[in-house]
Protein chains: 2
Amino acid sequence: MNKKVSGSKNVTIKDVANKAGVAVSTASMALNNKPTISSDTKNTVLNVARDLGYHPTAAARALVDGKSSNVGLLIPVKVDSLFFSTGFFQKLIAGMNRAANEGGNMISLQIVESREETERVITEAYRTKNVSGSIITHPTQEMPYLDVINEVSYPVVFLGEPPRNFPYVDNDNYGVTKLATEHMIEHGHKRIAFLGGPKNLIASEARERGYRAALEQEGIEVQRRLIWRSRHDEQMAYQEVMNEAGKVEFSAICISVEEQMAGVYRALRDLGKSIPDDVALITIGDCQLAEHINPSMTTLDLHTEDLGYLAAKKLIRLINGEERQDSEIVSADLIRRQSCGCNTINGGDKSKLKVRNSSV
Amino acid sequence: MNKKVSGSKNVTIKDVANKAGVAVSTASMALNNKPTISSDTKNTVLNVARDLGYHPTAAARALVDGKSSNVGLLIPVKVDSLFFSTGFFQKLIAGMNRAANEGGNMISLQIVESREETERVITEAYRTKNVSGSIITHPTQEMPYLDVINEVSYPVVFLGEPPRNFPYVDNDNYGVTKLATEHMIEHGHKRIAFLGGPKNLIASEARERGYRAALEQEGIEVQRRLIWRSRHDEQMAYQEVMNEAGKVEFSAICISVEEQMAGVYRALRDLGKSIPDDVALITIGDCQLAEHINPSMTTLDLHTEDLGYLAAKKLIRLINGEERQDSEIVSADLIRRQSCGCNTINGGDKSKLKVRNSSV
DNA sequence: GTGAAAGCGCTAACAG
DNA sequence: CTGTTAGCGCTTTCAC
């Protein structure tokens, strides 16, 4: 077979039909694997198509069935707290990309800086049909464009729980923090600090509730002084710990997001505290640094790649009308390393670490 | 059965033409600002379109003029050295997005994990015309798919200099390192270490040459022992410095990429060296951490957002046949902070020192 | 100047 | 089962 790529001329379905000696519609149906075509002709057509290097033109197909194969990833950059993430978006996109590939879709970036722009982008996506639906990150309490989405029934899947009844994919923010805090308690700690995120983030609030619940469940009093908050970055986490650590006694910290991890290490080092002997640590969210830092960090792996995968998968099904608008929670795994006191050797306990390829 | 949206039927150009009392072709020409239409009818049409919330369907337009409005960002994830970047992709995408918005384009993600996949993605982009061209990151020496690109004249712009004669946008890797090293020399340092990147990266090699050139220019002997190399991440940079620092004397380090910065700080701290008194530092590439870390880091701002902007702008012009295939170098600015010894107060001196002008 | 009509490549009716 | 045909929404000749 000659896999010669014919330089300039575009191979259309007509060419395939001609070469295969069938009608265009037959070719079309064969290529789309319709049951009404005999497997003989189906094979013939498929072979000819492969030989000719035929690929259906996206525009023509989109024009016919009224929707494109592009799915949007809508990111409000103003919510920069997560955008400086060590690997969140990489993993997320890796997962989305995998789902998109499976469905023959492609991810289009919809980066917006304001509510007006968000509304414009969604409206245009709906009108131009260049993007058939979107995964929207970082839902906040005020999202006036939700009305627009509803009005035109634009398919969306949120990453994180949105204020209204839209489909979303998320971790169990309450549950993961509860589990993390419980793990500290299992290690015998009573005075456990919680380093949370900004108050206006919905996930931050849920994670704090999980922390409280774990303490209350064990009859440990929740102390205001032990609840700290910082922006999701190294520097702010460092400052918060430096500010608060002197005001109260504690033997463990539950760190609410991985971006804060490095700052906590730096602060404890500057304060002359050793990990995990003086202060034990656990962090919500796993990353490369957690594995390589010394001592290695015990984390809850939130399976962010799965999050992206499921979100995209759900969106594509939604677009294809294959699914009703429900939501999904991604599980988390505890990865025991050194910072909590579980292991003394470096590298940690990989027993619960699922093998995951290509974390982008 | 698909559920039909009751109120918001799709607004087509026909609706606009009808409402405006003109023919479809007139409406089309008016909307596309053709000179053959009287400004009176042009205004009428434009107003009606706005009132109706008309947006041209992407697929129909793409079908007619044989290309879509999507531009690809092709990222080979196997080259993960830069993908763990603290902010490179964020800035890059921000710039690309700005350019795309200006041209009415949208960025599509083309994430590939192997050469075969790269070839497949490019071929499909060309065949399906869902993506009209691509910005390709991380060119390496072996890129067999370049043949495919050439064969079908698929428009591409590389980020970084590719092996063959393709258009690209890049920083002056040689120049920036030379400037950085010169700055250390100006501070009186003679024994300057260079922490480079993996040997197989084209940019790494150029940056090392810049370092050598600066030393040679001042008659300072280049010492093998002072040339270090590590992967572009915190951990590997840390280890490399820990391994090499004891074997040789040095009073300054020129750090080749921002991802290595935190590792160098950590290593120097563990080695009991103070910055900048024992060891002065300068880093190629600016980032948030450089500003916030203590002492703050003197850097060369590579204007990564401009890089993305120019790359996308160039690609779009290429797609539209408005530009020949030339390349472009983005200038860099020296940002003087504390780590080099320029400033004692925090915050740094923003006075800018250009390396090289971009030709745009 | 403006309006009718011919496709762009594909899918899905409807005949054969 | 297969072939013919009518559009999807838009741009762009061509006549008027």
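In this predicted model, an N or O atom in the side chain of Thr26(A) lies 3.2 Å from a phosphate oxygen of DNA strand D, a polar contact being a pair of N or O atoms within 3.5 Å, where within protein one must be able to donate a hydrogen and the other to accept it, and residues adjacent in sequence count only if both atoms are side-chain atoms. The elements that contribute two or more residues to the surface near this strand are helix 2 and helix 4 of chain A and helix 2 and helix 4 of chain B, with helices (H or I, at least four residues) and strands (E, at least two) taken as DSSP runs numbered from the N terminus. Residues are numbered from 1 along each chain as its sequence is written, and chains are lettered from A and ligands numbered from 1 in the order in which they are written. Local features need pLDDT of at least 70 and side-chain atom pairs count only at pLDDT 80 or more, while totals for chains, interfaces and linings use all residues, and side-chain values use heavy atoms, with hydrogens and water left out.

DNA strand D is surrounded by 24 residues, of which Ala23(A), Ile13(B), Ser25(B), Tyr54(B) and Arg61(B) are the closest, a residue being near a strand if one of its heavy atoms lies within 4 Å of it. Of the atoms of DNA strand D that come within 4 Å of the protein, 65% belong to sugar and phosphate. From chain B, a polar side-chain atom of Asn32(B) is placed 3.2 Å from a phosphate oxygen of DNA strand D, whereas a backbone N or O atom of Ala60(B) is 3.5 Å from a base nitrogen of that strand. The surface near DNA strand D comprises 11 nonpolar, 11 polar and 2 charged residues, where Ala, Val, Leu, Ile, Met, Phe, Trp, Tyr, Cys and Pro count as nonpolar, Asp, Glu, Lys and Arg as charged, and the others, Gly among them, as polar.

Around DNA strand C there are 22 residues, the closest being Ile13(A), Ser25(A), Tyr54(A), Arg61(A) and Ala23(B), and sugar and phosphate make up 67% of the atoms of this strand that come within 4 Å of the protein. A side-chain N or O atom of Tyr54(A) is 2.6 Å from a phosphate oxygen of DNA strand C, while from chain B a polar side-chain atom of Thr41(B) lies 3.4 Å from a phosphate oxygen of DNA strand C. With 3 residues, helix 4 of chain A gives the most to the surface near DNA strand C.

Between the protein chains, 52 residues of chain B are in contact (heavy atoms within 4.5 Å) with 56 residues of chain A. The buried area, defined as the accessible area (1.4 Å probe) that two parts lose on being put together, summed over both, is about 4800 Å² for chain B and chain A, with carbon and sulfur atoms giving 53%. His55(B), Leu109(B) and Arg127(B) supply 15% of the area that chain B buries against chain A, more than any other three residues. Across this interface 2 salt bridges are found, each requiring a side-chain nitrogen of Lys or Arg within 4 Å of a carboxyl oxygen of Asp or Glu; the side chains of Asp270(B) and Arg269(A) form a salt bridge at 2.7 Å, N to O. Strand 2 (residues 106–112) of chain A pairs with strand 2 of chain B in the antiparallel sense over 3 bridges, pairing being assigned if DSSP finds at least two bridges between two strands, and Ser108(A) stands opposite Ser108(B).
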